[in-house]
Amino acid sequence: MAQTNGTGAGGGGGGGGGGGGSARRASKSVSGSQPTSPSANGSSGAGGTGSRPVQLPAFLNKLFSMVNDPASDELIQWSTNGESFYVNRPEEFARDVLPLFFKHSNFSSFVRQLNMYGFHKIPHIQQGSLHMDAETGRWEFHNPHFRRDDPEALHLVTRKPANRDSGGSGSGTPDLHKLLREIAAIRKHQLTITSDLKTLQESNNLLWQEAVAAESRHKQHQDIIEKVLRFLASLFSN
């Protein structure tokens, strides 16, 4: 009886071990359905101590899932070699697929997001001529780190930094010395303009005074001429 109980206990332990193995396989299957990326310290193995997986941006996770989704292959799909992906019939894609993964249905916004993450649009050449996207109805996008068979490279797809004013320093702080120099130059220019305006005003005043003096002289001459004419008229009348 003791031997039988021992065997039963051993069998129970084996069953428990088998159940644990099934649970681990199920867990691996679930985790494998999402794109993974290496840990922060460069190790992607589960045995690494203190390692944390790199947190991918939500846009990349959704984009990878969207391209991989076989239900939407008619409108978005990988290229044959898996190095790029196609968007077919952009209007239908924006209407039927985008809202399933994003909170909008704007294809232009989707393209801007792709550009911010370093994706480039590939033009199509057919029969020796360059075809516009509107003619072919297909857009192809490529990023060297966005590949169908290499989801671990997704952490290399990074967002472009925001453009900063070239007048600022590398840390984004404005260059105060440069700003002060520019302000001083503007003030100097304003002083020059003020001086020119004052000179013009003085010149105008002189011209005005000369005009008034000329008018006064003209009136005096006119009076003299009238007196002479009256004198001559009186002489001839006598």
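**Close-up views of the predicted model**

**View A. The C-terminal side of helix 5 and the residue Gly118.** Gly118, whose phi is positive, near 85 degrees, follows helix 5; helices here are DSSP runs of H or I with at least four residues, strands are DSSP runs of E with at least two, and both are numbered from the N terminus. The model is a predicted one, in which local features need a pLDDT of at least 70 and side-chain atom pairs count only at pLDDT 80 or more, whereas totals for chains, interfaces and linings use all residues. Residues are numbered from 1 along each chain as its sequence is written, and side-chain values use heavy atoms, with hydrogens and water left out. Asn115 also belongs to helix 5, and its C-alpha atom is separated by 8.5 Å from that of Lys160, although the two residues are 45 apart along the chain. With a relative accessible area of 35%, Asn115 is partly exposed; buried means under 20% relative accessible area, exposed means over 50%, and partly exposed lies in between (1.4 Å probe, protein chains only).

**View B. The N-terminal cap and the buried residues of helix 5.** At the N-terminal end of helix 5, Asn106 acts as a cap, with a side-chain oxygen 2.9 Å from the backbone nitrogen of Ser108. Within helix 5, the residues Phe107, Ser109, Phe110, Val111 and Leu114 are buried. An α-helix has 3.6 residues a turn, so residues three or four places apart point the same way. The buried residues of helix 5 pack against helix 2, strand 2, helix 3, helix 4 (98–101) and strand 6, where contact means heavy atoms within 4.5 Å.

**View C. Phe146 and its aromatic partners Phe64 and Phe119****.** Rings of Phe, Tyr and Trp (its six-membered ring) are taken as a pair if their centres lie within 6.5 Å, and planes under 30 degrees apart count as stacked, over 60 as edge-to-face and the rest as tilted. By this rule the structure has 16 aromatic pairs. Among them is the edge-to-face pair of Phe64 and Phe146, with 5.8 Å from centre to centre and 80 degrees between the planes. This pair links distant parts of the chain, since Phe64 lies in helix 2 (residues 58–68) and Phe146, 82 residues apart from Phe64, lies in the loop between strand 6 and helix 7 (176–237). Phe64 and Phe146 are both buried. The ring centres of Phe119 and Phe146 are 5.2 Å apart and their planes stand at 70 degrees, so this pair is edge-to-face. Here too distant parts of the chain are linked, with Phe119 in the loop between helix 5 (107–116) and strand 3 (120–122), 27 residues apart from Phe146. Phe119 and Phe146 are both buried.

**View D. The buried acidic residue Glu140 in strand 6****.** Glu140 is found in strand 6, which spans residues 138–142. Although buried, Glu140 has no salt bridge, and the nearest side chain of opposite charge, that of Arg138, is 6.7 Å away; Lys and Arg count as positive and Asp and Glu as negative, while His and the chain ends are not counted. A salt bridge is a side-chain nitrogen of Lys or Arg within 4 Å of a carboxyl oxygen of Asp or Glu. The side chain of Glu140 does make a polar contact of 2.7 Å with that of Ser84. A polar contact is a pair of N or O atoms within 3.5 Å; within protein, one must be able to donate a hydrogen and the other to accept it, and residues adjacent in sequence count only if both atoms are side-chain atoms.

**View E. Arg89 and the salt bridges.** Arg89 sits in the loop between strand 2 (84–88) and helix 3 (90–96), and its phi, near 50 degrees, is a positive value in a residue other than glycine. Arg89 is partly exposed, at 33% relative accessibility. The salt bridge between Glu92 and Arg89 has its closest N and O atoms 3.0 Å apart, and Glu92 is likewise partly exposed, at 29%. Glu74, Arg89 and Glu92 are linked in a network of salt bridges. The structure holds 5 salt bridges, including that of Asp96 with Arg95, where the closest N and O atoms are 2.9 Å apart. Asp96 is partly exposed at 37%, whereas Arg95 is exposed at 54%.
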